[in-house]
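Me: I'm new to this structure and a bit lost. Please pick a single part, take a close look at it, and then show me how the rest is laid out around it.

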Amino acid sequence: MKTWKHTSVLFLLLISIVHIKAQTLVLDAATSRFLINEKTNGPALDLIVHSFTAHEKRDIARHAVIDTVTKAKVSEVMPHVYHVTAGRMAERLTLVIRNPIGLPKGYVVKVDDKPVRTRDDIPDIAYYQLNGEKCNAAALLPFRSDSTTISLFDNRKRLISQLRISWLFPKPELFYVDIRYHNTADTEDTTEIRKYMRFYNKAPNTYSRPNAVPDSLSIAEAELIFGFKKAYYDGKVRPSRISYRIGKKGQWIGTNSEITPNFLLQHVKGNWSWLVNGRYEVQYSYTANEKNYGRYAFSIDHSWISSFAYIVKSLFWLISMVLMSKIWLTLTLLVLLMYFYFQKRLRKARDLARKTNLELQSIQSQLNPHFIFNALGSLQGLINKNDVDQANRYLTGFSRLLRDTLQNSGREMVSLRAEMTNIENYIQLEQLRFGFRYQMIADEDVRHSQLEVPSLLIQPIVENAVKHGISGLGAAGILEVTFKIDQEDLLIIIRDNGPGFDINQQPKGKGLPLTQERINLLNRQKYWITLQMTSGDQGTIVKLTLKKWL
């Protein structure tokens, strides 16, 4: 009896394993469709088109190349033969065999004349089910080719169905330009690369996009490395390759397949360091396609290597490299040589920095009690109204905001995203009490940036707009906080539709005076921040400008 029980358990386990290996994936017709979609009783090749999700368009598109415009199209060339035009990095395509039950034993599927058996990336899925129709899972589509031909043959090598696919590729997106022997920069955060390139770029180091690619580049160095954004295809961020060449007459060269593809730019006919002075253009594509490639122009100026500006910049780079590599003997010799000359100046600089930091900590210690006092007053108002639910929600939000505020109060700088989150948490708490409307507006470049801002600098201004501007207006009150980038400046605009006040009179609260005093101290530390305020019958506008913040 015991043996029979063990045998039954083993039999059920084997059945479950077979079921797992041959499972059917049921697709939602709202997000998936057949491309050809012709009703037929016999077996035929088809492509299932999967629509982009909101997550793909919003989150993945930030760090990977996605083509959200191109839509797959199909036309019949001859009976059972179709021509398909599709974006390779657009909507995901799944190759399937419809009505597979009608296939003879010994049938063959070929991709570009090479027989294939199954999907290597999903071996556990045997079938897809769409609109009640069960389809056999077929091969994975190749990535880098401009065209792909998929053929289905019977056991006598007669053609049953064929798809001829012409692929459309977007241009690769250049993400950073770097010197080969600089290996300390993180390609996910190109801030360090930007700092490093200013030592070697003769042209102004301006960046019109949130990456580490200078708008113009003029160098005298031997080698450059170009890095690209990740590629998104077949429903995942996957490794990809880039083809590149120097000028239209150059030979296309392919990179290795990597998640973040990159290539070291070298002269194909000799030593790159001997390339003559002049302007050059590197071109890059996913498939060495001359019809759709990106380009980046740069110049070589070997005479700059002997200029005074280059020598000074190289000296700074050398000192920084010595510090980073912790060569203490060299650092000690350098300090001894410069000690007597800079002794008085260093002592004065230390005293000034110590005084400034003490003043800054003093102001931050005043800001925290000021914020806590006002928040507790709002909580007391809700309790006095006997609004228990709102009071509980307010207390929960306040405790979270207080924790984040106390964590950041000891820091001079915090990330812009963290500061925006804290501000919105505060506004939502005050909205529970006063019932006003609000809106936070931020450019895409701001949301994706790695910027840092002084902690607790914006919150007192927002608090002043709520308390003295719109607190008495109820649902008619409107608060608007805008973050945007203007060339190299970060602009923060706080607008309310309150009754306004005389900006020439001394403010009643402490928030604005403390904020202005803190800005003065930050400016002494070379941060360059300005505060402008206008107020009238239509409301109050406060504009913070963080100059040259990018």
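Reply: **A hairpin, up close**

Let's start with strand 27 and strand 28, which form a hairpin with two residues between them. One residue in that turn, Gln487, has a positive phi of about 60°. Keep in mind that what you're looking at is a predicted model.

Now follow the two arms away from the turn. Strand 27 covers residues 478-486, and its pairing with strand 28 is antiparallel, with eight bridges. If you'd like a spot to check by eye, find Lys484, which stands opposite Leu491 in strand 28.

Strand 28 has another partner too. Seven bridges tie strand 28 to strand 30 (residues 539-546), and this pair also runs antiparallel. A handy marker here is Ile494, which sits opposite Val542 in strand 30. So strand 28 pairs with strand 27 and with strand 30.

Is strand 28 largely enclosed or largely open to the outside? Strand 28 spans residues 489-496, and because six of those eight residues are buried, the strand is largely enclosed by the rest of the structure. As background, side chains in a regular strand alternate between the two faces of the sheet.

Now let's step back for the wider picture. The protein has 10 helices and 30 strands. It has 550 residues, and 42% of them count as buried. The exposed surface comes to about 31,100 Å², with carbon and sulfur atoms supplying 55% of it. Take the contacts between residues at least 6 apart in sequence: 67% of those join residues at least 24 apart.

How far can you trust what you see? The mean pLDDT is 80, and 77% of the residues reach 70 or more. Confidence is highest in strand 6 (residues 81-87), at a mean of 96, and lowest in helix 1 (residues 2-21), at 40. Over residues 1-20 pLDDT stays under 50, and for that stretch the model has one contact beyond four places in sequence.

Next, some other sheets. One is an open sheet of six strands in the order 1-10-11-7-3-2, with mixed pairing. Its edge strands are strand 1 (23-26) and strand 2 (32-34), each pairing on one side only. From one strand to the next, the twist averages 40°. Inside this sheet, strand 3 (residues 44-50) and strand 7 pair in the antiparallel sense, over seven bridges. His50 is the residue opposite Arg92 in strand 7.

The loops around here are worth a look as well. Asn99 sits in the loop between strand 7 (92-98) and strand 8 (108-111). With a relative accessibility of 19%, Asn99 counts as buried, because the cut-off is under 20%. Its side chain reaches the backbone oxygen of Gly42 at 3.0 Å. Leaving out residues up to four places away in sequence, Asn99 touches Thr40, Asn41, Gly42, Pro43, Glu133 and Lys134.

Another loop, between strand 2 and strand 3, holds Asn37. Asn37 has a phi near 60°, which is a positive value in a residue other than glycine. At 42% relative accessibility, Asn37 counts as partly exposed. His80 has a positive phi as well, near 70°, and you'll find His80 in the loop between strand 5 (73-78) and strand 6. His80 counts as exposed, at 51% relative accessibility.

There's also an open sheet of three strands, in the order 14-16-21, with antiparallel pairing. Strand 14 (174-179) and strand 21 (262-265) are its edge strands, so each pairs on one side only. The twist here averages 20° from one strand to the next. Four bridges join strand 16 (residues 224-228) to strand 21, and Ile225 stands opposite Leu264 in strand 21.

One last stop is helix 7 (residues 416-434), where you'll find Ala418. Ala418 is partly exposed, with a relative accessible area of 28%. Along the chain, Ala418 and Glu452 are 34 residues apart, and their C-alpha atoms are separated by 9.1 Å.

Then head back to the hairpin where we started, and trace strand 27 through its two-residue turn into strand 28.

Terms used
Residues numbered from 1 in each chain as written. Heavy atoms only, no water. Buried < 20%, exposed > 50% of the residue type's maximum accessible area, 1.4 Å probe, protein only. Polar contact = N/O pair within 3.5 Å; in protein donor to acceptor, adjacent residues only side chain to side chain. Contact = heavy atoms within 4.5 Å. Areas by Shrake-Rupley, 256 points an atom, 1.4 Å probe, with all protein chains shown as cover. pLDDT = per-residue confidence, 0-100. Axes fitted to C-alpha atoms, helices over the stretch in contact; angles between N-to-C directions.
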